[in-house]
Amino acid sequence: MTSPNKSSSLDSQFWSALTAELLEDSRRVELANFDHLRFKRPFSPRKQTKDFVLAVAAALGFYRAFPVDREMFDLDLPLTYQLLDDRQSRELFLKLVAFRILGHQRVRLPRNTADYWRSRRSVTDYVEKRNAIANVPILKSLDLYVIEGIRLYAHSLTILNTLLLEQYRCSRAAIGVGAGDVVIDAGGCWADTALYFARRAAQVFCFECAPQNLAIAQKNLAMNPHLSPKVELIQKALWSSRGGTLSFDDNGPASRTVKDEPAGLHVNTESIDGFVSSRDMERLDFIKMDIEGAELEALQGAEGSIRRFRPQLAISIYHSPDHLVSIPTWLHRLSLGYRFYLEHFTIHREETVLFARAMA
């Protein structure tokens with residue numbers, strides 16, 4: 001537990017560092033910092049010219065007022081800053097906060113490097129068939145890939161993040177699925193992460209409840225008989241309690257629960273604690289969560305299992321701004337000796353992962 005004096009010092013350190021970051025970024029105009037593959041935006045010569053003029057003006061020292069997202073200032077940001085275990089995580093946290101406040105035209109995230117773009121271009125090397133599955137929400141279509149012994153239908157960003165950048169491994173903190181591990185993959189989508197985990201794990205319990213995602217996941221598992229026996233696909237939504245029903249928006253990879261909304265699909269809930277108990281599980285080594293904003297509820301339903309097994313954790317904390325604080329804070333208050341590390345895997349605000357490892 002951080003002492004009051006140290007807490008106050010880190011608090012001050014955070015605000016000083018964030019102020020310096022915002023002042024530096026506010027005088028910058030970033031070009032080529034928009035992800036056109038993820039976010040479709042029509043080409044506009046007028047917009048391109050305007051961006052160029054602003055960039056030149058900024059380079060000459062001129063300042064221009066711009067809209068600011070003030071929501072971030074309502075969060076207890078220094079708390080997360082204090083909890084992060086290493087300098088790299090803290091510096092990244094400052095950049096992510098600045099990015100959310102000022103936007104992509106002012107802040108370039110650390111992932112935007114030449115190495116990142118080389119990896120991204122290399123994804124085409126693994127394509128076996130273009131547009132293999134059509135009518136996929138948001139993404140329109142999926143290609144068929146063969147990569148690192150896995151054959152699957154996926155989007156290029158899935159291949160990049162899951163398999164090339166290894167989004168659910170934090171090497172510097174020795175966090176990741178190891179040989180013989182038992183894994184819960186919460187938010188399995190097309191079973192791409194489950195197949196990635198299955199290369200090392202002994203057992204992967206993959207939770208997914210969106211019908212179209214499930215159909216694609218089943219196809220991907222069928223194409224990988226050397227890995228699929230290790231993967232069990234469970235058609236339920238993870239939540240804080242089991243046996244309930246949630247309204248659900250079936251929107252492909254962006255499918256999520258919709259509170260107080262009678263429309264849409266209805267899905268049955270499961271909790272990790274309930275599942276572990278029902279299966280008489282003797283070990284749980286790793287939990288990954290990317291469930292479109294339901295991460296905190298699912299963690300609350302896993303408290304007993306986390307206390308019992310102290311698994312390594314890879315939890316998405318980008319779906320809601322408050323998750324940058326509420327999720328690490330909730331885990332810290334369990335007092336289980338977890339150390340926290342932060343990674344981010346895109347040039348935009350998505351794919352921030354909180355890694356946690358309990359120290360002996």
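**View 1. F14 and F93, both buried, meet as an aromatic pair.** Buried here means under 20% relative accessible area, with exposed over 50% and partly exposed in between (1.4 Å probe, protein chains only). This is a predicted model, so a cut-off applies: local features need pLDDT of at least 70 and side-chain atom pairs pLDDT 80 or more, while totals for chains, interfaces and linings take in all residues. Residue numbers start from 1 along each chain as its sequence is written, and side-chain values rest on heavy atoms, without hydrogens or water. Rings of Phe, Tyr and Trp (its six-membered ring) pair if their centres lie within 6.5 Å; planes under 30 degrees apart are stacked, over 60 edge-to-face, and the rest tilted. That rule gives nine aromatic pairs. The one between F14 and F93 is tilted, at 6.1 Å centre to centre and 40 degrees between the planes. F14 sits in helix α1 (residues 4-26) and F93 in helix α4 (residues 87-102), so the pair ties together parts 79 residues apart in sequence. Helices (H or I, at least four residues) and strands (E, at least two) are DSSP runs, numbered from the N terminus.

**View 2. Ring pairs join F14, W15, Y81 and F93 into a cluster.** Look at Y81 and you'll find R90 over the face of its ring, 5.5 Å from the ring centre. To count as over a ring, NZ of Lys or CZ of Arg has to be within 6 Å of the ring centre and within 35 degrees of the ring normal.

**View 3. Helices α5 (residues 114-122) and α6 (residues 156-164) pack at an angle of about 115 degrees.** Their axes are 9 Å apart; axes are lines fitted to C-alpha atoms, for helices over the stretch in contact, with angles from 0 to 180 degrees between N-to-C directions. The crossing of α5 past α6 is right-handed, meaning that the near helix is turned clockwise from the far one by less than a right angle (anticlockwise would be left-handed). On the α5 side, Y116, S119, R120 and S122 make the contact, and on the α6 side L157, L160 and L164. Contact means heavy atoms within 4.5 Å. Y116 is buried at 3% relative accessibility, whereas W117 is partly exposed at 26%.

**View 4. L195 sits in helix α7 (residues 192-198).** It's buried, with a relative accessible area of 0%. Setting aside neighbours within four places in sequence, L195 touches I150, N220, L221, N224 and L227. The C-alpha atoms of L195 and A217 are 9.8 Å apart, with their positions 22 residues apart along the chain.

**View 5. E148 and C189 each have a positive phi without being glycine.** Most residues other than glycine have a negative phi. For E148, phi is near 50 degrees; this residue lies in the loop between β2 (140-147) and β3 (150-154) and is partly exposed, at 42%. C189 has a phi of about 50 degrees, belongs to the loop between β4 (182-186) and α7, and is buried at 14% relative accessibility.

**View 6. Helix α12 (residues 323-332) is mostly covered, with nine of its 10 residues buried.** Among them are H323, P328 and W330. Zooming back out, the chain has 12 helices and 14 strands, and 53% of its 360 residues are buried.
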